[in-house]
Amino acid sequence: MTYPQNRVFSGVQPTGNLHLGNYLGAITRFVDLQQDFECIYCVVDLHAITTWQDPEVLAANTREVTAAFIASGIDPEKHIIFNQSRVTAHAELAWIFNCVARMGWLNRMTQFKEKAGKHRENASVGLFSYPNLMAADILVYRATHVPVGEDQKQHLELTRDIAQKFNSDYAGSIQKNGFEEGYFPLPEPLIQGAATRIMSLRDGSAKMSKSDPSDYSRINLTDDADTIALKVRKARTDPEPLPSEMDGLEGRGEAENLVRIFAALADRQLDDVLAEYGGGQFSGFKQALADLAVTKLGPINDEMKRLCADPGHIDKILSNGAARATEIAAPIMTDVKSIMGLLHD
Ligand code: TYM
């Protein structure tokens, strides 16, 4: 038996402030992949609780991410959208992967170091083993492709290491159970396009992030047109005009970031954008970028508001998605248990 060749899985945390980086680096890619893949998109609430979340806010944020998926163009009928905690197989496989992954592997994770900072001893155990749950998210569906932004690359390498170690630790039993190629696929990260790492609007060397204390550092998907235009106008730049070619952006992080945002929003090549705006002042380019951002994000913002006004409808979508996700995950968990010698019905 072989694994499905074309299954996409990805997730977004419901931790508030969904921003342009999440949209361009991940959600627009999710939308595009619907054409050629069977897609499973998850609101990863179990990942969110690795740091404390207010229960009411967590529930509202879970619905908001769901609304953002749908408003951006993900079809919850053709594909699957659900929240992670509804499908218990994620947590179950994560425990198994806690026993497969090595301490040394997790100790190397830069995101844990960044998030735990100086308070490592005080970080939750969940924050440390977070990447094992991510591996479980993907492999519990034997997904083959994972669209993410650049910041998730290391976690996906770990996912591949876990899949490989499981396949080799249990190679004999995998064969006995009738699987020839190794049970888990080694999922391929899809980190593509102009916007795999969108930077802060205030600092071209820092990633645009949900947790940046300055709201001017990011464009949120919930921002209205005036706020978007204001944030673009206030975005930090340098005194030089825009260059006509990519080489001229070397060492100019803020300028490069705005050009990348423009290219991604307009679905144009970077060279093409510079050919049009190179040589001109930033003010003209910023105005064009603000107009473009408002045109692209305005309708998504409106649709998110409309969807969030009916939480019951969103909950039905999540519940239906979870039932369909469980149907895929349950037999995979049964296989895993058989392979490992865990008795089951
Ligand atoms: P999260 O919720 O931090 O971010 C969701 C997605 O947005 C991408 N992203 C960015 N892309 C470009 N520029 C940025 N500034 C930027 N900021 C965020 C992220 O790379 C991500 O694709 N651990 C994941 C969620 C997760 C997951 C998974 C992803 C849990 N399980 C399984 C893939 C597969 C996270 O915290 O994403």
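A contact here means that heavy atoms lie within 4.5 Å of each other.

**View 1. The protein chain as a whole, shown as a predicted model.** Among the contacts in the protein chain with a separation of 6 or more, 77% join residues that are 24 or more positions apart. The secondary structure of this chain comes to 14 helices and 5 strands. Its radius of gyration is 21 Å, close to the 20 Å that the globule rule gives for 345 residues, and therefore the chain is as compact as a globular protein of that length. The C-alpha trace spans about 70 × 45 × 45 Å along its principal axes, and buried residues make up 51% of the 345 residues.

**View 2. The second largest pocket and the two domains that line it.** This pocket has a volume of about 470 Å³. Because domain 1 (7-196 + 310-340) and domain 2 (215-305) both give residues to its lining, the second largest pocket lies between them.

**View 3. The lining of the second largest pocket, residue by residue.** The lining is made up of 22 residues, of which Leu 24, Thr 28, Asp 32, Ala 264 and Asp 267 lie nearest the centre of the pocket. When the lining residues are sorted by class, 10 are nonpolar, 7 are polar and 5 are charged.

**View 4. Helices H1 and H11 at the second largest pocket.** Helix H1, which covers 20-33, and helix H11, which covers 253-266, each supply at least two residues of the lining. Helix H1 gives the most to the lining of this pocket, with 7 residues.

Definitions and conventions: Residues numbered from 1 in each chain as written. Predicted model: local features only at pLDDT ≥ 70, side-chain atom pairs only at ≥ 80, totals over all residues. Heavy atoms only, no water. 1 Å grid on protein atoms, 1.4 Å probe; cavity = no way out; pocket = protein on both sides within 12 Å on 5 of 7 lines; lining within 4 Å. Points joined across faces, edges and corners; volume = space filled by probe spheres on them. Helix = DSSP H or I, 4+ residues; strand = E, 2+ residues; numbered from the N terminus. Nonpolar A, V, L, I, M, F, W, Y, C, P; charged D, E, K, R; others polar. Domains from an automatic or database assignment. Rg over C-alpha atoms; globule rule 2.2 N^0.38 Å. Buried < 20%, exposed > 50% of the residue type's maximum accessible area, 1.4 Å probe, protein only.
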